[in-house]
Amino acid sequence: MTLQIRRRITTVLSLNLARRCTALCLILGATGPAQAMSVIDQQQPIVDIAVGSLAIGGTSTQKLAQVVTAGMSGYLTEVRLPVACDAGSNLIVEIQEVTAGAPNGVVLTSQAVSGTSLPPFFPSPPSFRGLVLSTPVSVTAGTQFAIVLRSAGTCGVFGGPVGDSYVAGNLYFDALPNPPGWLCACSFAGDRFDLPFQTLVDPVCLPPTIGSLSASPSKLWPANHRMVDVTLDYDVAATCPA
């Protein structure tokens, strides 16, 4: 959405060039990028509890990764998953780069989440729990990244429905006794190809664009070192969502 605003302001200028430049810089000076509130960008909202949760850590030291394709450009600030941990077990959340559809080990940011904030769900049904990234990651619309979950203790996350419920990425796992390396859940017919998840992105807004500038009067002459009222008319266009 583009927001257009018509402005009119009056300032006092003299022919003194230094003063004129200062006044115009104050009026039309550079504006830093504005940011909106984080919004849900991508999601697979269906949680399937029929087969229980997928292990994170534990005796198999299993790691899970959900590949996501960003729908908007901005800063990834939070991911949400139906995840829980045993007492004393912490969860590590990494955002990794992706190559050929799979995580490639390049960590863009890492966040340790205390297991005490992710207690077991039972007897309550599973729900999304927010995992806020203290160091947000810049993402670009159309590019992929991976949400990697690992733990030195024992955690778990519920899966999505059977089949490919999120077509812009897949669930991968790395667990013993398999050789090290990521395997795609999509390799197994009838499996659940994705985790339930939500990604929250803070869109980056460009500075407002100022155009159609006119001044009345448009010329100060002759030079007499006196202050003169000058009215400026201009349009402001902004692409921020708010």
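**Exercise 1. Find the strand order of the open sheet of 3 strands, and say how its strands pair.**

Step 1. The order is S3-S11-S6, and the pairing is antiparallel. Strands are DSSP runs (E, at least two residues), numbered from the N terminus. Two strands pair if DSSP finds at least two bridges between them.

Step 2. Look at the edges. Strand S3 (48-57) and strand S6 (83-85) each have a single partner strand, so one side of each has no neighbour in the sheet.

Step 3. Add the twist. It averages 30° from one strand to the next. Axes are lines fitted to C-alpha atoms, and angles run from 0 to 180 degrees between N-to-C directions.

Step 4. Check one pair. S6 and strand S11 (residues 154-159) run antiparallel and are joined by 3 bridges. Ala-84 has Gly-156 in S11 as its bridge partner.

A note on the model: it is predicted, local features need pLDDT of at least 70, side-chain atom pairs count only at pLDDT 80 or more, and totals for chains, interfaces and linings use all residues. Residues are numbered from 1 along each chain as its sequence is written, and side-chain values use heavy atoms, with hydrogens and water left out.

**Exercise 2. Which residues touch the most other members of the largest nonpolar core?**

Step 1. Fix the term. A nonpolar core is a set of buried Ala, Val, Leu, Ile, Met, Phe, Trp, Tyr and Cys residues joined through side-chain atoms within 4.5 Å. Buried means under 20% relative accessible area, exposed over 50%, partly exposed in between (1.4 Å probe, protein chains only).

Step 2. Name them. Leu-76, Leu-81, Leu-91, Leu-131, Ile-147 and Leu-149 touch the most other members, out of 30 residues. S9 gives the most to this core, with 4 residues.

Step 3. Zoom in on Leu-91. Beyond its neighbours within four places in sequence, its contacts (heavy atoms within 4.5 Å) include Ile-56, Val-83, Leu-131 and Leu-149.

**Exercise 3. Where in the chain do the salt-bridge partners Arg-192 and Asp-48 lie?**

Step 1. Confirm the bridge. A salt bridge is a side-chain nitrogen of Lys or Arg within 4 Å of a carboxyl oxygen of Asp or Glu. The N to O distance for Arg-192 and Asp-48 is 2.9 Å.

Step 2. Place the partners. Arg-192 sits in the loop between strand S13 (183-184) and S14, and Asp-48 in strand S3, 144 residues apart.

Step 3. Check burial. Arg-192 is buried, at 17% relative accessible area. Asp-48 is buried too, at 17%.
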